Every structure is written in C-alpha cells, then in structure tokens.
Amino acid sequence: MTRAIALIDCNNFYVSCERVFNPRLEGKPVVVLSNNDGCAVARSNEVKALGVKMGQPWFELKDLTRKHGIIAQSSNYALYADMSNRVMSILAMFSPQQEIYSIDECFLDLSGFGTQDLTSYGQRIRRCVKQWTGLPVCVGIGSTKTLAKLANHIAKKYPELDGVCDLNSMPSDQQNDWFNRIAAGEVWGIGRRLFPKLYDSGIRTVLNLKRASPAGMRSRFSVVMEKVIRELNGVPCIELDEIAPPRKQIVSSRSFGVAVTDLASLEEAVSLYVRRATEKLRRQQLCAGAIYVAIRTSPFNEEERYYANGLAIPLPVPTDDTVRLTKAALWGLRKIYRAGYRYQKARVMLFELVSADNRQSDLFGLVAAENKSGKLMAVMDQINAKMGSSTLKLASEGFRQPWRMKQGNRSPRYTTNWNELICVTK
C-alpha cells in the first residue's frame with residue numbers, strides 16, 4: 001500500500017480572510033501588516049509581483065503604494081484564528097488522521113483510501129473549503145511529509161495543476177522533471193540559511209539534493225539533512241502527529257502603540273496579557289507553576305537610554321486562575337519597573353505547565369481553593385466566548401488603554417464579535 005500524505009495550505013491566508021468579507025479587494029494588491037502596522041506579514045500575489053518582501057517595513061512601501069495603489073490592512077487576529085478553526089474542522093472530515101501544522105496548513109493521512117483518485121479527492125477538498133469558507137487552498141500529496149510540502153509548493157506555483165499536485169501518481173522521471181525546476185532552498189527544512197551552503201557545493205535543485213548521499217550529507221551538515229534527503233526519496237522519517245505535544249510555555253506579548261512611561265499603564269498591559277495567556281492555558285487544560293514578566297524600551301532608539309528586565313515568579317501550587325496569576329505578575333512588574341524610561345514592550349510567559357488533572361497539592365491544601373476558583377474562571381470563559389472577548393475582565397486591565405497597539409486599518413471581527421457582524425442590505 002502506497003503511503004499518501006496530503007498537505008493542505010490556505011493561499012495567502014490573512015489576505016484571503018480579508019477578501020472573503022470584502023470582495024472589492026479581489027485582484028488588487030493587498031498587504032496585511034504586523035502589530036502596530038509595522039511590517040508586511042501577508043502579501044497578495046499582486047503585491048508579491050511588485051517585489052515586496054515578507055517582513056518588509058510598511059514605511060518603505062509608501063512610494064509603491066502611491067504608484068500601484070497597495071491596500072494595507074491591520075492584522076485582525078481574532079478573525080484569522082476563527083477562520084482557521086473553521087477550515088481545520090472541515091479538513092478533519094476528509095481523513096481520520098490530521099495534524100494541524102500551523103494556522104493555515106495541516107497534514108492529512110490519505111493512505112489506505114483504496115482506488116480513490118487522490119487528485120480528484122484533492123479537488124473535492126478544495127471545492128468544499130472554498131464553498132463553506134470562501135478561502136482558496138492548494139493540496140500537495142506525497143509519500144512523505146517533505147514530499148507533500150514540496151507537492152503543495154508545486155501546486156501553488158503552477159496554475160496548470162489547478163491547485164492539486166499528487167506526486168504519488170507520477171512516474172519517477174516526471175517527478176524528477178519537476179524537482180529539476182525547483183531550487184533546493186524551497187525544500188522543507190532547508191530554507192535560506194542552508195541553501196547558500198548547498199549551492200556552493202553544487203546542490204542547487206531539489207533533484208540534486210534528492211540524489212545526494214544521505215550519510216555524506218549528515219556528516220557535513222546534520223541528521224536533519226539526512227532525514228530530508230531520505231524523505232525526498234520516499235522513505236518516511238517524520239511521522240504524522242495526530243495529537244500535538246503539550247506546550248512547555250505560553251507567551252503573550254505585544255509592542256505598545258505609543259511609548260509608556262508610567263507604572264499604571266504597564267500594569268494594565270500586563271494584566272491584559274496574563275488574561276489572554278490564562279485563557280489559552282485553560283483551553284488546553286493546563287496549569288502554570290510559574291510566571292515570567294518582562295519589560296523593555298526600544299532597542300532601536302539610540303537617542304534614549306535602553307532598559308530591559310524580567311523576573312520569574314514561582315507559585316506555591318500550579319494554577320490556571322487569572323486572578324492569582326495576575327497578582328503574581330503585577331508583583332513582579334513592580335520589582336523590575338524603573339521610572340524615567342519610555343517602555344515599548346511588555347511580555348508575560350507561563351511555564352512549568354502541568355495537566356490540570358494531575359497537579360500536586362501542597363501541605364495546606366490550596367488545591368481546594370483552586371477548585372473553587374475554577375468555577376469562577378469557567379463562568380468568565382463561557383461569558384467571554386458567548387458575548388465577546390473582554391466582556392468580563394479584571395479591573396486592573398483598565399478601560400481606555402491608550403497604549404494598545406496601533407490597528408488603524410483593522411477590518412471588523414466579523415465572526416467573533418456581535419457588534420461587528422457583517423450587515424447585508426438591499
């Protein structure tokens with residue numbers, strides 16, 4: 001039985017999400033910007049054709065914008081996360097084995113589908129996702145995860161394949177013809193850092209890499225390189241992870257929209273980041289045994305003094321209680337805060353994570369109190385899920401929050417906020 005792994009990837013995901021709810025953006029050059037509208041983190045094909053690079057600062061694109069009418073959208077993470085969940089739920093219907101790899105791509109195991117024409121099956125997947133969400137996807141199929149990623153790259157770059165590339169259905173000489181067209185740097189696990197070294201040694205295409213000696217390349221580079229070459233030759237070395245490994249830490253961090261100088265504003269920001277982190281913590285049924293809080297000024301402003309500091313606070317008992325974790329974080333913040341600086345960023349990290357069902361009690365039985373607070377947290381999560389994020393929050397988060405990151409061109413949160421639902425009129 002031929003092993004068949006499919007990689008389904010949403011095309012220009014953030015931009016495509018914006019276009020679903022604003023069809024006037026179709027066919028126009030669109031970029032989605034990072035926090036505080038700083039850099040391009042998603043580009044439409046029209047923008048890519050203009051030579052705009054991933055991560056390019058927005059201020060560098062002003063001339064291109066005036067000349068070509070580039071439309072900039074602020075990041076709308078609530079919308080993108082919800083659309084991602086919808087796509088992944090749909091894709092789970094097409095295989096009993098799914099690995100969600102990132103916000104916009106996942107692997108499906110299609111092995112054992114008998115006489116099913118997998119190219120037609122891939123087209124069926126594309127049509128279903130497009131019809132149910134409005135998002136375009138491409139499907140790559142191969143006998144290993146590396147080949148599936150490469151097949152997806154081919155499906156995206158060559159329109160004549162109509163969005164689906166099944167390497168398993170091709171004879172080896174046809175596969176090699178495709179591999180000879182593609183630079184080795186496009187292979188999953190190679191990237192920009194290793195490609196120049198491969199190029200200098202004469203390995204310039206995927207076909208060159210496929211024909212290299214696995215053992216020899218391992219001695220020159222690493223075991224990862226050996227696995228990549230074996231996977232290109234159809235030998236599975238990277239298994240499908242149906243269950244994501246438990247997280248070791250949860251981080252919540254944002255740059256401020258304006259520089260912050262006072263402790264009260266920093267406390268508001270840290271309180272908000274703790275709440276966001278603990279919501280993720282509870283969704284994964286975990287508890288944190290420690291919390292880390294950090295602040296810093298801008299490292300790029302040479303006209304001002306630089307200051308950065310952080311503090312880890314251990315907890316007597318692992319907890320998922322927003323109130324307790326916020327108190328610990330604010331205590332740490334007050335220890336590291338120094339007046340007279342213009343702070344640009346704050347960060348909160350939860351670590352020493354354990355399962356909520358297996359946390360160890362202490363001598364004084366604080367877990368009993370944790371069980372009581374768990375009911376309060378459950379109510380908060382339910383109300384915020386139903387009525388919108390931040391419906392219930394701690395007062396320490398503040399209300400005006402002038403330091404919040406800039407999102408001057410953010411589209412409405414069409415699918416997650418009752419007040420921002422799309423309106424259809426005659």
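Reader: Does D320 count as buried or exposed, judged by its relative accessibility?

Author: This is a predicted model, in which local features need pLDDT of at least 70 and side-chain atom pairs count only at pLDDT 80 or more, whereas totals for chains, interfaces and linings use all residues. Residues are numbered from 1 along each chain as its sequence is written, and side-chain values use heavy atoms, with hydrogens and water left out. Buried means under 20% relative accessible area, exposed over 50% and partly exposed in between, with a 1.4 Å probe and protein chains only. Since D320 has a relative accessibility of 14%, it counts as buried.

Reader: Between which two elements is D320 found, and what distance separates its C-alpha atom from that of A288?

Author: Helices (H or I, at least four residues) and strands (E, at least two) are DSSP runs, numbered from the N terminus. D320 is found in the loop between β11 (308–319) and α13 (322–336). A288 lies 32 residues away from D320 along the chain, and the separation of their C-alpha atoms is 6.3 Å.

Reader: Which residues, beyond its neighbours within four places in sequence, is H153 in contact with?

Author: H153 is found in helix α6, which covers residues 145–157, and with a relative accessible area of 16% it is buried. Contact means heavy atoms within 4.5 Å. With neighbours within four places in sequence left aside, the contacts of H153 are I182 and E186.

Reader: Which helix gives the most residues to the largest nonpolar core?

Author: A nonpolar core is a set of buried Ala, Val, Leu, Ile, Met, Phe, Trp, Tyr and Cys residues joined through side-chain atoms within 4.5 Å. The largest one has 35 residues, of which I8, F13, L91, L108, L110 and I125 touch the most other members. Elements that each supply at least two residues of this core include β1 (5–10), α1 (13–21) and α5 (118–133). The most, 7 residues, come from α4.

Reader: How many residues are in the second, separate core?

Author: In soluble globular proteins, nonpolar side chains tend to be buried together. Besides the largest core, there is a second, separate one that includes L281, I313, L330 and I336, and its number of residues is 32.

Reader: What is the radius of gyration of the protein chain?

Author: The protein chain has 14 helices and 12 strands. For its 426 residues the globule rule (2.2 Å times the number of residues to the power 0.38, with the radius taken over C-alpha atoms) gives 22 Å, and the chain is close to that, so it is as compact as a globular protein of that length. Its radius of gyration is 24 Å.
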